[in-house]
Amino acid sequence: MAVSDTKRSPTRRRQPSNAKSILGLTGPAYLWLIVTILLPLAAMFYFSFLSDVPLPGRDWQVTLSNYAAFFQEDFYRTLMLRSLRLGFEVALWCFLIGFPCAYVLAKTIKGRWREALFLMVIIPFWSNALIRVFSWTMVLRGNGILESLLDWLIPGFGSLRLMFTYEAVVIGLVHSYLPYMILTCYISLSTIDDDLIDAARSMGASRLTVLRRIILPLSMPGIVAGAVLIFVPVIGSFMEPRILGGREGTFLGTVIEDQFTSVFNWPLGAALSFILLACVLIIFAIFQPILRRAS
Amino acid sequence: MKARPTNMLARIYLGLVLAFLYLPILVMAAMSFNSSQFYMLPIDWTFDWYVKLAHNTRLLESTRNSLLVALATTVIASVLGTAASIAFFRYDFRFKKVLQAALFPPIAIPWLITGTAMLLFFFWSGIGRGLHAMILGHVALALPYVIIVVSARIKGFDPDLEAAARSLGANPWQVIRHVTLPYLAPGFIAGALFAFAVSFDQFVISYFLSVPGVSTLPVEIYTAIKKGFTPEINAISTLVIAFSITLLVIVSRFYRFGGDR
Amino acid sequence: MKGYGFIRSIALVAALSTATGLAQADTIRVLNWQGYGTDEDWSLEQFEKATGNTVAHEYFNSEQEMLTKLRTNPGTYDVVLVNSAYTQQAAREGLIQPLDLADFPHSDGLQPRLARNSNLLHDGKLFGVAWLWGVTSFAINTGAFDAKPNSIMELWNPAHAGRLGWRDDAVESCQFAALATGQDINDPSDYDLIRERLHALKPQIRTFWNSENEWNQYMASGEFDLATYWSGSAARSKNNFGLPIEFIVPREGAIAWLDGLSLPTDAPHPEAAKQFIDWMIDPEFYVQWDTEVGAPISANEKAVAQLPDGAFNKTLIEELKTVNTLPFMGPMSDATREKMLEVWQETKTFYQE
């Protein structure tokens with residue numbers, strides 16, 4: 001995911017810095033990002049310290065109560081931990097399912113097949129996430145396809161009761177984000193020289209040792225990159241829990257959405273968003289060294 | 001390579017993962033041909049929901065909006081992104097690293113946060129919501145992808161070509177137009193297709209920026225799921241998935257996902 | 001050069017989106033629950049024939065969402081359905097405008113106690129046209145019961161653990177608990193009791209439902225034995241969708257409500273909006289709606305009188321006369337509403353553990 005690395009082509013002839021051209025070329029893009037990302041975040045930060053939405057006809061003053069609410073009310077912390085747990089679990093499942101899959105793609109399948117299979121793995125990644133979550137309601141619902149199938153295989157199987165559970169949310173999210181993990185692991189794995197593995201094997205290392213001592217450490221940047229790419233959007237998810245979670249579908253993301261679309265407590269929503277953002281930044285900071293290697 | 005037992009196992013595993021990825025989508029598609037409004041089994045095959053869809057002005061209009069927003073996003077993001085990529089390639093300047101790092105927030109911050117921040121800022125500042133706001137937001141999300149894809153292509157560019165053009169008397173804009181851009185075309189097209197896909201599939205940002213009567217297809221689908229859906233939604237979803245897959249196959253002709261091997 | 005192109009593209013985009021807005025100028029926009037009378041195709045066709053106006057819809061899933069949609073989209077909607085418990089709040093915030101019943105010819109049939117109900121008044125002015133009333137209680141899947149239950153405590157009956165459908169709404173949830181503990185539904189005194197009742201629902205609830213269509217789908221796929229519901233919706237599910245359900249009015253009472261139709265402040269087509277509201281309180285529309293689809297009870301006496309004998313709502317009116325209390329949802333103080341929101345948010349978090 002790296003942007004062009006300037007250090008890699010030292011032979012390239014440099015021109016003297018041309019401020020006008022640089023500004024002309026990068027200015028529009030960055031002006032756009034300032035208006036659509038930077039200013040909105042700044043405005044949201046400001047809102048998070050207000051007592052009400054600053055619109056005509058409403059009383060508002062500067063306050064810390066929105067942040068205080070998070071630390072005073074137990075349930076916000078419970079929900080935060082729940083969202084974090086969801087993020088970790090989804091990332092873990094994606095790793096457990098996706099890593100072997102990436103390994104098979106990178107190391108045991110060759111040629112045209114690899115390209116075709118690879119494309120098949122990432123096609124869902126480009127199809128609408130909402131529709132994929134919706135499709136799980138078709139599979140998991142009571143008297144749905146999955147239950148009918150199991151009932152046909154094992155007569156008298158009864159009901160799975162998967163729909164509207166925490167598990168359903170995990171399944172839907174793993175399905176949504178699995179391709180990320182496969183993609184990043186695949187890129188890491190394909191840089192490992194096959195000769196290295198063969199050499200280790202010929203020197204008597206068992207398959208497990210090779211996996212533990214060579215493959216996993218060398219593919220760590222890809223695994224971490226994948227995990228972070230999954231973790232970050234999952235802890236902010238609201239659409240998937242709403243559709244699949246039912247009674248068990250309350251997370252910090254859904255509470256934030258409520259503040260904006262229903263309760264009209266934008267300042268509280270803004271404060272909760274910034275607390276969530278702080279968590280994201282901490283995660284990035286912890287994994288920054290590995291992420292840098294990954295790119 | 002001979003098929004060893006482990007190889008066989010590997011293939012079966014891959015097959016299972018693919019089944020996990022595709023089965024729900026196939027079930028969803030199959031249900032669009034089921035006549036039962038409540039998705040009762042067994043499936044009673046019918047095309048009714050597609051016929052109904054053809055008369056659903058709400059869904060059709062939101063599809064039109066989605067395409068409009070995606071096209072505008074594609075044009076703006078690929079032009080702005082390519083320009084920035086060229087600057088990154090051609091010039092060294094002090095804040096380059098900062099500018100490159102600034103591309104990541106749109107990707108790295110959860111959409112929920114970017115979306116609500118845009119809602120709040122656009123509403124409060126008078127920019128307003130609606131299609132223009134969605135385009136503003138989508139371009140911001142698509143820009144990093146365009147810059148990454150175009151930059152990847154630009155890396156292989158030989159600056160001597162530009163030097164040669166300059167020595168023949170071309171001014172900087174002519175150099176870009178006649179030398180740099182033609183070389184970049186494949187990267188540009190891939191970037192543009194990425195931008196289109198990012199925008200066309202975007203739900204969260206559009207959801208917070210939509211106004212009554214003006215929404216995009218994913219927003220309309222979500223509203224339908226929340227407020228009561230029929231197999232009509234399966235029908236439109238099936239069409240959208242088919243469209244996305246076609247688009248991706250086209251993208252893959254310009255951008256090799258599996259690396260150059 | 002680049003800079004101009006950038007500005008031009010923004011201008012172009014802005015022009016484009018304004019154009020899309022103008023294209024729908026002769027359509028009135030209604031904000032309502034989905035499937036709640038205003039969006040019946042057959043009626044809208046007749047309305048278009050009679051007045052030339054077409055009707056577009058926008059739906060909400062809770063009163064909170066309705067208010068926020070009004071707040072964030074001024075000058076967009078022409079007609080909005082406001083539960084009379086929220087009319088004063090909406091009027092106080094300046095979201096809806098005062099009305100004169102003289103503008104609505106069919107209002108002569110409205111029951112006086114509903115037409116000038118104190119909940120519809122703010123500063124002595126009328127802010128909503130009484131349209132429908134009914135009760136919130138629960139409905140059962142007849143296949144799961146041998147006999148019709150007659151107590152609200154059936155919701156807490158362990159025999160239906162994991163088989164209860166519940167609406168994810170703070171006020172409604174707290175009001176059910178208030179009713180079950182014999183408290184004032186609009187201003188409960190003991191929130192600990194309410195919290196205790198709501199927490200006790202944890203093993204019972206299968207899932208939350210958010211819309212009538214969702215309710216029907218869950219009932220049809222056998223997810224629920226019983227589920228909280230509105231009387232008008234139960235009539236529809238039974239008549240129109242043929243679901244095997246029975247609406248229950250427990251002996252402890254039920255939560256009654258009155259829904260009014262209002263005009264948002266700055267409604268872009270006020271005249272057409274008034275015509276539409278009058279169309280909605282017309283007995284002719286109501287009788288056809290109730291007999292062919294299913295509806296709550298009309299606020300128009302003439303309309304109710306025309307219902308055939310044995311109609312769902314005629315039976316319901318008789319049944320409601322037998323219950324202990326029939327408290328109406330009324331306006332609440334901000335403190336009460338916030339307390340209910342907090343209790344429900346806390347309860348939902350408890351459900352997760």
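## Reading strands, folds and interfaces

Analyst: Let's start with one residue pair: Phe138(C) has Thr228(C) as its bridge partner in E9(C). Keep in mind that this is a predicted model.

User: Okay, so how do E6(C) and strand E9 of chain C pair, and over how many bridges?

Analyst: Look for the direction and the bridge count. Here E6(C) and E9(C), residues 226-230, pair in the antiparallel sense, with five bridges between them.

User: What about strand E11 of chain C: how many bridges join it to E6(C)?

Analyst: There are seven bridges between E6(C) and E11(C), residues 255-262, and the two strands run antiparallel. If you want a pair to click on, Gly134(C) sits opposite Trp257(C) of E11(C).

User: And in which sense do E6(C) and strand E10 of chain C pair?

Analyst: Antiparallel again, with four bridges to E10(C), residues 245-248. One residue pair to look up is Asn141(C), whose bridge partner in E10(C) is Ile245(C). E6(C) also has an antiparallel pairing with strand E12 of chain C, residues 297-298, over two bridges. There, Trp133(C) has Ile297(C) as its bridge partner.

User: How do I read burial for a strand like that? How many residues of strand E6 of chain C are buried?

Analyst: A residue counts as buried once 20 or more other C-beta atoms lie within 10 Å of its own. For E6(C), residues 129-141, 13 of the 13 residues are buried, so the strand is largely enclosed by the rest of the structure.

User: Let's switch chains. What does the secondary structure of chain B come to?

Analyst: Chain B has twelve helices and zero strands, so you won't find any strand pairing to trace there. Its C-alpha trace spans about 75 × 65 × 30 Å along the principal axes. Of the 261 residues in chain B, 52% are buried.

User: How should I read sequence separation in its contacts? What share in chain B join residues at least 24 apart?

Analyst: Take the contacts between residues at least 6 apart in sequence: in chain B, 78% of those join residues at least 24 apart.

User: Now the interface. How many residues of chain C are in contact with chain A?

Analyst: The count is 23 residues of chain C, against 19 residues of chain A. On the chain C side, H1 (2-22), H3 (63-72), E8 (205-209) and H14 (334-352) each supply at least two residues. H14(C) gives the largest share, seven residues. By class, that side of chain C has six nonpolar, ten polar and seven charged residues.

Note on methods:
Residues are numbered from 1 along each chain as its sequence is written. Chains are lettered from A and ligands numbered from 1 in the order in which they are written. This is a predicted model: local features need pLDDT of at least 70, side-chain atom pairs count only at pLDDT 80 or more; totals for chains, interfaces and linings use all residues. A residue is buried if 20 or more other C-beta atoms lie within 10 Å of its own, exposed if 12 or fewer, and partly exposed in between; C-beta atoms are placed from the backbone. Two residues are in contact if their C-beta atoms, placed from the backbone, lie within 7 Å. Ala, Val, Leu, Ile, Met, Phe, Trp, Tyr, Cys and Pro count as nonpolar, Asp, Glu, Lys and Arg as charged, and the others, Gly among them, as polar.
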